[in-house]
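Q: Could you walk me through this one, starting with the sheets and then moving to the contacts between chains?

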Amino acid sequence: MSEQTYEPKIVAFLCKWCSSAGSDLAGVSRIQYPANATPIQVPCSGSVSPMYILSALKKGADGVLVSGCHIGDCHYLEGNYLARRKLHLVKELLQFVGIEENRFRMSWVSAAEGAKFAEVVKEFVDDLRPMGPQEKLKAKRA
Amino acid sequence: MSEKRTGVFVCHCGNNIAATVDVKKVAETMAQEGTVAFSKDYVYMCSDPGQSSVIEAIKEHRLDSVVVSCCSPNLHEGTFRENAERAGISGFTCEIANIREQCAWVHKDRTEATEKAIKISRSAIRRVAGNKKLDPIAVPVTRRAMVIGGGIAGIQAALDMANAGLDVVLVEKLATIGGHILQLSETFPTLDCSQCILSPKMVEVSRHPKIKLLTYSEVKEVSGSVGNFEVKILKKPTFVDAETCKLCDDCAQVCPQVVSNEHDLGLTARRAIHIPFAQAIPASYTLDEEACLGLNPIRCGKCKDVCEAGAINYDMRPETITENVGAIVVATGFDLYPQEKILEYGAGNVADVLDGLQFERLCSASGPTQGHVKRPSDRTEPKEVVFIQCVGSRDPAQHCAYCSKICCMYTAKHARLYKHHVPDGKAYVFYIDIRSGGKNYEEFVQRAMEEDETVYLRGRVSKLHRTKDGKVRVMGVDTLTGQNVEIDADMVVLALAMQPSQGTADAARTLKIGRDKDGFLAEAHPKLKPVESVTGGIYLAGCAQGPKDIPETVSQASAAASKVLALLSKPTLSHAPTIATVRNSHCTGCEMCVTACPYDAIHLENGKAVVNEVLCEGCGSCSATCLRAAISVRNTSPMQVHEMIEACLSL
Amino acid sequence: MINVQDIRDTARDLLAKGEVRAVIGWRAGSRGMAAEPCVVTKPEEADSLVWDPTCYHNLALQLVNDRKDLVHSKKTATAPIGIVAKGCDARAIVVLLQEHYFKREDVYIIGVSCENSGVLDERKVKAQVGGFAPSAAAFDGDNFSVKTAKGDKKLAGREVMADRCLECRTPFPKENNTAFGDDKTGREFDAQFAALARFEANDEAARWEFWQRQFDRCIRCFACRSVCPMCFCDECVVDSIEMKIAPETTAEEKANRIRWIERSAVRSENATYHMTRALHLAGRCVDCGECERVCPVNIPLRLLNTKMEREAREAFGFDPGASIGGPSLVASFRDDDPGEFIR
């Protein structure tokens, strides 16, 4: 993307059962949202390793989104509870070393929340745009 | 590393994708990827010619893997994986890039959408490059089934399965099978006697060579998963040997302990040693340990002394029985909503205010009054009876929000039965509205009104109380005339709501299956999977799943039975092979994955994690928890995700 | 005050009776004042053991090394191994036990309490003694006395004690087979997480400015990883995540294998390395401070680790190194874990 119109690049980890299905619903409902987030479907938010988030930032992501089923609705019963704890640590650590709070985001989006998914992406892009490119953790060669 | 030969197939989906995404450009760009040997676009990839062209390309270009850039994998992943299998490559080397729902349909800008479609497709190509050929895991199944609950639902399910040749274990909490239906006098809409319907089926159960009947037993623990459950059952001692018991009743005659008879809902009494009712199956007496003076010849021992058959044995102990089954049908039934909770109608403390089941007993030839309707308080024939519908149902503010479904019909039945027993009596029914959907149901209600001259009053009863002259004064309103109505009735019958039985709540906990907001067992899908629970291999039948009448219960029981028969029709089940796998060289045996696994699918063997292929669902919680990347889900390995992240950031 | 002879007698006795096959402890350093780790295998060597404020090393690392030796040489231990352990060493052993790295009965813990002291921070000492390297140190209850070429010098305890010892609440090794010294659990010299709180008062830009300098400086010598008893993996995830090296693996394949982090010591890779390490130590780090002590470029690694420790304690009620039986921090959850950050 060109320099003059900066568009943040987002890697979005979506759990297969809720958030990816919710994103599908946004599609079926033709709800328009920015094209900045590229989805990666994972079995469960609980399968998202903290390494994935650090890796995405290092490879030049301006923002990373992890989205799973609402608490209590996990297809795998407990995966999102584990994700919540692990990713809390990631969020705290990123802020601690001085990475902007809004670079990492987590959401619960159910299969019925197409509109919410679109809203989450839109808000994320709106929050990222004024920050400019993420250079802090980006590898020079990325 | 071996050279991958991936084929990429970009679908236009008519104009659905092509209108926003430059599909030709996507196909051309993907052709540049190192692992891609072939790439094309086509107007409808999922059509017959589209699928055939994929097969041709696989053969012609010796492709070992396929990426289809099209709609959501929820729609056509299965289609294209089966198609890949037809071309002779593993279905698990086929991945879908969702460029419709997650791209073309949600963006307008053609350049942006095309770029995103390229990234999504590239990500799928990178993922597929790391995919392994996998075969579904065949799991041997235990071709036996268990039914929990011996009411009409459980009996029907057990008989259907047993008659199809399956071994069935039927577990019932009480000392006899039969359930609530045996408390009924007659059944709507035909007014045939409920015992006449059920008794032959009960006998069939007891004689069926394929059915193992465990009464006075409760399921305590369930482990395993679909195809292979291990169930631990606690069989309580009856202290009477069913084989030797001659049903002479001598023991009950001498037993000094009298307690309320639950079969007659407290309208009669029984002894500590008793038979629930004459037609009980198994046909035997049971010594109620709680009511007995103490199972000890020193304390009492009268029943043992008098038993000529020598059937009584005070040394019987609770027994834990383990059964291995491949599927479970839960048919644990309902309880009536407790009258004590209905404060406006006296909370169960007003004499001659009965619940529906008690009234059934009064009408029943085998009941406390031998089928003569008499008031419990003074054994006189009631001349005016008020029936109140929707007691506890359809009342979200105070009681149950749902409609209990059968009360309109059984109230009409009660009114008609009453009129048949007491032709000169007067029957009133208070109702909100009449729900009589069902074959011959509306006609049945009409006959109650016309032939049997039941007075239907549309309105609610606000309160009732006992009068000095031994009547029950019912104060209500007839909303059709707008007038207050006051009736001094001899008897009042409340059509109480149905609620999930205690056994249903217990079963949900033991089997770890979900319940809905009202506590009924949750079906896997409200329309398409109404008899499946959310857990594989566990099925639902009868009122445990929601209020329903006998024909519906029987239908659901037969449906559950047919589901079990289909499940257990083959010697093995197929389980998705995308499960966790361990790199022994990196595993330190820290057990973090064991703790994190929601399915107890991982254990340690010689200090290394071992995954149970059947229990693992492939959620990846272990993989994200492992600090050493020693465990990962097949075809979603960290390396693949690493490559996908790179692809997502490639433009 | 602990009489060092008690430790030596215990070690000698255990070795003589064959109850342990060796005792891991500290002996006088071969260079300067600092003690060094040693493994004593004969009863007569027991008198070489020392216990003083220069026993910095977390000996749990030697326990890990012993375990690796056994596994790699496919030997089975004939008897348990003894280890002299101060509070933080013992907590590290508890984490290793929690992660089943060895069994409790494989280890005989001779606990030593730091009581009202801790270990010295050599950098602080050097600043106080004008550059003369001390040759010995002792603690008299209030002050450290150090020997230098210029004679003896008394240094106030608070001035030269390692930061983590000032913040330490558990100077007594609760997990032990036998222990010496008073149980001063709960003592408070300095507010817990004091340095952390001071750092967190900085704004985001200042925090990044600070860490950027630290990450830029790292030479990726991996001393922090090598000295850490929790970094016991044979192969670290940051080196490689997927590839198994077999005899037939070619050099090109090895070179092309995917690493989460590139080898070059540049900021992005260094930052990812240190953040990965902090996350992998969350709920496991017992704040023994060894990583920070050995860092040749003075990166304040304890800040990262104590940040994770405080999150574990405050957000999840988790006390690293407190109990052998409990689940690990990131393998477990509570229904009321914080989730306000999630949309």
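A: One definition first: two strands count as paired if DSSP finds at least two bridges between them. Please also keep in mind that this is a predicted model.

Q: OK, so how many bridges join S11(B) to strand S12 of chain B?
A: There are 8 bridges between S11(B) and strand S12 (residues 228-235) of chain B, and the two strands run antiparallel. One bridge pair is Glu221(B) with its partner Lys232(B), the latter lying in S12(B).

Q: And which sheet does that pair sit in, in what order?
A: The sheet is an open one of 3 strands in chain B, in the order S11-S12-S17, with antiparallel pairing. Strand S11 (217-225) and strand S17 (319-325) of chain B are the edge strands, each of them pairing on one side only. On average, neighbouring strands of this sheet are turned by 20° against each other, with direction ignored.

Q: Is the pairing in the sheet of 4 strands parallel or antiparallel?
A: That pairing is parallel, in an open sheet of chain B with the order S2-S1-S3-S4. Here the edges are strand S2 (36-42) and strand S4 (94-98) of chain B, each pairing on one side only, and the twist from one strand to the next averages 15°.

Q: What about strand S3 of chain B and S4(B), how many bridges there?
A: Strand S3 (residues 65-70) of chain B pairs with S4(B) over 5 bridges in the parallel sense, and within that pairing Cys70(B) has Asn98(B), in S4(B), as its bridge partner.

Q: Which helices pack on that sheet?
A: Helix H1 (residues 23-31) of chain B is one of them: it packs on the sheet by touching strand S1 (6-11) and S2 of chain B, and its direction makes about 175° with that of S2(B). H5(B) also lies across the sheet, over S1, S2, S3 and S4 of chain B, and runs at about 165° to S4(B).

Q: Switching to the interfaces, how much do chain B and chain A bury between them?
A: Chain B and chain A bury about 3,400 Å² between them, and 57% of that is on carbon and sulfur atoms. Of the area that chain B buries against chain A, 18% comes from Gln102(B), Trp105(B) and Leu649(B), which is more than any other three residues supply. The contact itself takes 39 residues from chain B and 43 residues from chain A.

Q: Any salt bridge across it, and which residues make it?
A: The count between chain B and chain A is 1 salt bridge, formed by Lys59(A) with Glu646(B), whose closest N and O atoms are 2.8 Å apart. There are also 15 residue pairs in polar contact between chain B and chain A, with both residues at pLDDT 80 or more.

Q: Which helices of chain B supply that side?
A: Helix H3 (73-86), helix H4 (100-104), helix H5 (110-129), helix H16 (621-625) and helix H17 (638-648) of chain B each give at least two residues to the side that touches chain A. H5 of chain B, which lies across the parallel sheet, is thus named in both places. By class, the residues on this side of chain B are 16 nonpolar, 14 polar and 9 charged.

Q: Now chain C against chain A, how much area is buried there?
A: About 3,900 Å² is buried between chain C and chain A, 68% of it on carbon and sulfur atoms. Trp260(C), Phe341(C) and Arg343(C) supply 21% of the area that chain C buries against chain A, more than any other three residues, and the contact takes 44 residues from chain C and 41 residues from chain A.

Q: How many salt bridges and polar pairs turn up at that interface?
A: There are 4 salt bridges across the interface of chain C and chain A, including one in which the side chains of Arg85(A) and Asp337(C) meet, at 3.0 Å from N to O. The residue pairs in polar contact number 14, both residues being at pLDDT 80 or more.

Q: Which helix of chain C gives the most to that side?
A: H11(C) gives the most, with 10 residues. Helix H7 (194-200), helix H8 (204-217), helix H11 (267-281) and helix H13 (301-316) of chain C each supply at least two residues of the side that touches chain A, and the residues of that side divide into 25 nonpolar, 6 polar and 13 charged.

Methods
Residues numbered from 1 in each chain as written. Chains lettered and ligands numbered in written order. Predicted model: local features only at pLDDT ≥ 70, side-chain atom pairs only at ≥ 80, totals over all residues. Heavy atoms only, no water. Contact = heavy atoms within 4.5 Å. Buried area = accessible area lost by both parts, 1.4 Å probe. Polar contact = N/O pair within 3.5 Å; in protein donor to acceptor, adjacent residues only side chain to side chain. Nonpolar A, V, L, I, M, F, W, Y, C, P; charged D, E, K, R; others polar. Axes fitted to C-alpha atoms, helices over the stretch in contact; angles between N-to-C directions.
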